[in-house]
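Welcome, and thanks for taking a look at this one with me. Have the sequence and the 3D view open side by side as you read.

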Amino acid sequence: MKKIGVMTGGGDCPGLNAVIRSVVVKAATLGHEVIGFKRGWKGLLEGGETVRLDIEDVEDIYMLGGTIIGTSRTNPLKLENGMEQVEKNLQKHECFALVAIGGEDTLGVANVLCNKGMKIVGVPKTIDNDLSATDYTFGFDTAINIATEALDRLHTTAKSHERVLVVEIMGRHAGWMALHAGMAGGAHIILIPEVPFDVDWICQIVKERKKKGKDYTLVAVSEGAIPTDFGSFVTKDAKKDEFERERLGGIAECLARIIEEKTGLETRSVVLGHLQRGGSPTTYDRVLGTRLGVKAVEMIHNGEFGKMASVRGTEIVSVPIAEAVEVLKKVPPERYEEARIFFA
Ligand code: F6P
């Protein structure tokens, strides 16, 4: 029997527990046991905590949101001897391999550690769906379903009060969430980071709708969207995390104020925020997470280190982690064009 470590890093995401359960169950079928390193890379640093993961511990967790082993945005590469500490801790706990479940930051670290010879496989996680080398990341489907439901609900109140509502949707520098939720939730305008926008163009659409007797407008805006006048995305403050990521947010409030000023129509903003990340995963995310977990353990068993389990069409395959973290997967222009014909 060999021991496999598992950790979850970065923002939490619905479906993480489905992956953990799957890793434990699949490992057991191959005669391996699993331990969890708590709070992301923190668990693999000095003073880090671990938790034993037996089948009984994980059998009922597939429907739970969040991650039972906790997460953090700790970056071991920023610490002196961080890499050595990770390696030492894996040895101390007799783990011959590690499953790293995370997005671009967590897997970026995993990639560096693999290049140093550590035995790691990756599982792609993020509600933002912005990881390359995989068609989808688990968590995305749940998050866009929550955002779509919010838009459905906001239609009725915006219509009743004849208001313009600007809805801020997560996704960082990729517009997948705003695009999908905006399309499914019938937003009249969708704004994504990949296509900087002119505020006057939005006001024009709002006014034209009003002229046509459509007295309300719903704008779905990605938190990383860029007004051409500003030349950059909006941030809440100057704070950055350990991966040098800025805290995005505030675009909806800012846009609502300008739209109201320029059109004279009552305009409000709504920030969906962490609601999009919380709670139970959808069926799609449970199945995707489960399949990725099974694949990750198979990859360990076959010695495919430095690779990530990935979904391509309906198949689960393995790809180099390096490919996944090389560039951010952004919305291609043609996908935005598809949506644009519905803006009115
Ligand atoms: O990457 C996932 C994500 O939810 C982004 O969409 C968002 O910008 C960010 O994390 C928020 O992170 P935090 O919870 O650390 O503020």
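The points below go from the overall layout to the sheets, and then to the contacts between side chains.

1. Please keep in mind that this is a predicted model. The protein chain is divided into two parts: domain 1 covers 3-139 + 281-325, while domain 2 covers 142-278. A handy landmark for the overall layout is the spacing of their C-alpha centres, which lie 33 Å apart.

2. Let us begin with the sheet that contains β1. In what order do its seven strands run? Going across, you meet β3-β2-β1-β4-β5-β12-β13, and the sheet is open with mixed pairing. The edges are taken by β3 (50-53) and β13 (315-320); each has a single partner strand, so one side of each is left without a neighbour in the sheet. From one strand to the next, the twist averages 30°.

3. For a closer look at one edge, find strand β2, residues 33-37. Strands β2 and β3 run antiparallel and are joined by four bridges. A good place to check this by eye is F37, which stands opposite T50 in β3. As general background, strands of a sheet pair through backbone hydrogen bonds, either parallel or antiparallel.

4. Two helices are worth tracing over this sheet. Helix α4 (residues 104-115) lies across β1 (3-8), β4 (95-102), β5 (120-124) and β12 (307-312), and runs at about 160° to β5. Helix α9 (residues 283-301) lies across β1, β4, β5, β12 and β13, at about 140° to β12.

5. Now turn to the other open sheet, where four strands come in the order β7-β8-β6-β11 with parallel pairing. Its edge strands, β7 (189-191) and β11 (267-271), each pair on one side only. Neighbouring strands here are turned by 20° against each other on average, direction ignored.

6. Inside that sheet, strand β6 (residues 164-169) pairs with strand β8 (residues 217-222) over six bridges, in the parallel sense. You can find E168 opposite V221 in β8. Helix α5 (residues 140-161) packs on the sheet and touches β6, β8 and β11, its direction making about 165° with that of β6.

7. How do the two domains meet? On one side 20 residues of domain 1 are in contact with 18 residues of domain 2. Together the domains bury about 1,700 Å² between them, with 51% of it on carbon and sulfur atoms. In domain 1, the residues that lose the most area to domain 2 are R73, I127 and D128, together 34% of what that side buries.

8. How many salt bridges does the rule find across the interface of domain 1 and domain 2? There are five. R73 forms a salt bridge with D241, with the closest N and O atoms 3.9 Å apart. Between domain 1 and domain 2, eight residue pairs are in polar contact. On the domain 1 side that touches domain 2, α4 gives the most, with three residues.

9. Finally, the salt bridge count by this rule comes to 20. One pair to look up is D237 and R247, whose side chains meet at 4.0 Å, N to O. D237 lies in strand β9 (residues 235-240) and R247 in strand β10 (residues 246-248), so the pair ties together parts that are ten residues apart in sequence. In general, side chains of opposite charge can pair when their charged atoms come close.

Conventions: Residues numbered from 1 in each chain as written. Predicted model: local features only at pLDDT ≥ 70, side-chain atom pairs only at ≥ 80, totals over all residues. Heavy atoms only, no water. Pairing = 2+ DSSP bridges. Axes fitted to C-alpha atoms, helices over the stretch in contact; angles between N-to-C directions. Contact = heavy atoms within 4.5 Å. Domains from an automatic or database assignment. Buried area = accessible area lost by both parts, 1.4 Å probe. Polar contact = N/O pair within 3.5 Å; in protein donor to acceptor, adjacent residues only side chain to side chain.
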